[in-house]
Amino acid sequence: MGLLGAVCRRSAALRLESLSRSRGGGRSCSSGRDLTPEIKLRLFTPECTFWHARPELWPFTEPYWAIYWPGGQALSRYLLDRPAVSRGRSVLDVGSGCGAAAIAAKLSGAARVVANDVDAVAAVATHMNCELNGLEPLVCVTDNMIGSEPPGFDLILLGDMFYDEALADSLHGWLGRCVKAHGSQVLIGDPGRAQFEGHRIRGRLQRLARFELPESVREQNYGLTCSSVWRYHPDL
Ligand SMILES: C[S@@+](CC[C@H](N)C(=O)[O-])C[C@H]1O[C@@H](n2cnc3c(N)ncnc32)[C@H](O)[C@@H]1O
C-alpha cells in the first residue's frame, strides 16, 4: 500500500476510535442480537449517535463495514458450528466488511485467514474487531481481487456479496476459475436477495444450512426472515 493509503487508514482509524469512545460503548458496541453473539463487533446500531442522523452527516460514506449483514451472519454461524470446515485451512473472506466471517474462521482454527474488502476503512474495522475478540490482527487486503488471477486458498467465503447484478456476474466467472485452478471450496451466505435468487449462479449452488434471523435483524433488513449458506459447484 502506498503512502496515501497508509494516511487514509490512519485517519480512518483515528475517526473510528474516537467514534467508538463517543458512543460510550468502549468495548460494548456489538449488537449481540445477531446469529453469532459470541463474536464481538463494533457496529452501527440504533444505540449509536449517528444512527438517527441524516446520511450526509455521517463521518463515513457507505459504511458497509459497520453493519453485520444477514449473509455474513449465516456464514459465520455455519463456520462456528462446524470448526472442521475451516480448521487448518487457508481462508479468504471476499467483501469481508466488519470481518465477522474471517474472525469466525480464525476462531475455528483456520491456519491462515485473509480478509479482503475494497473499502480501506473495513480493514481498520476488522483489526479493531479482531482485538475485541482476542485475536492478532488478520491480514487485510484492499485490492479488488475479483477478476484477477485466482488466488490459491482452500476456502473462499462470501457473505452477502450478491447485492448487485454486475458484481454477481463478475463473481460467478471468477469463482468458477478459482475452483478450477485450485480446487477451492466456495461458501456463500445470502438471505435470498433478488439479485442472488434471480442469478444464473443459483443453479450451481447446494444449500448447506438455513438459519432463522433474529427479530432485530429482520426489522433492520426489510422483512428478510432467514439466511442460508450455499456451496458453489461450477459443474452442477
Ligand atoms: C453487503 S457488505 C457484506 C459485508 C460482510 N461480508 C457481511 O456479510 O457482513 C459487502 C462488502 O463487499 C465490499 N465489496 C464490494 N465490492 C468488492 C470487491 N470487488 N472486492 C472486495 N470487496 C468488495 C464492500 O465494501 C462491502 O464491505
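This is a tutorial dialogue on reading the sheet, the helices and the ligand shell of a predicted model.

Student: How many strands form the sheet, and in which order do they stand?

Tutor: In this predicted model, seven strands form an open sheet with mixed pairing, and their order is E3-E2-E1-E4-E5-E7-E6. Strand E3 (139–141) and strand E6 (205–212) stand at the edges, where each has a single partner strand, so one side of each is left without a neighbour in the sheet. Direction ignored, neighbouring strands of this sheet are turned by 20° against each other on average.

Student: In which sense do E1 and E4 pair, and over how many bridges?

Tutor: Strand E1 (residues 90–94) and strand E4 (residues 155–159) pair in the parallel sense, over four bridges. To follow the pairing at the level of residues, take Asp93, whose bridge partner in E4 is Leu157.

Student: Which strands does H3 lie across, and which does H5 lie across?

Tutor: H3 lies across E1, strand E2 (112–116) and E4, and runs at about 175° to E2. Helix H5 (residues 165–182), in turn, lies across E4, strand E5 (185–190) and strand E7 (226–232), running at about 150° to E5.

Student: Turning to the ligand, which residues come nearest, and which helices supply residues of the shell?

Tutor: There are 25 residues around the ligand, of which Trp69, Gly72, Gly95, Gly97 and Gly159 come nearest. Helix H2 (70–81) and helix H3 (100–107) each supply at least two residues of this shell.

Student: How many residues of the shell are nonpolar, polar or charged?

Tutor: The shell around the ligand divides into 14 nonpolar residues, eight polar and three charged.

Technical notes
Residues numbered from 1 in each chain as written. Predicted model: local features only at pLDDT ≥ 70, side-chain atom pairs only at ≥ 80, totals over all residues. Near = placed C-beta within 6 Å. Nonpolar A, V, L, I, M, F, W, Y, C, P; charged D, E, K, R; others polar. Pairing = 2+ DSSP bridges. Axes fitted to C-alpha atoms, helices over the stretch in contact; angles between N-to-C directions. Contact = placed C-beta atoms within 7 Å.
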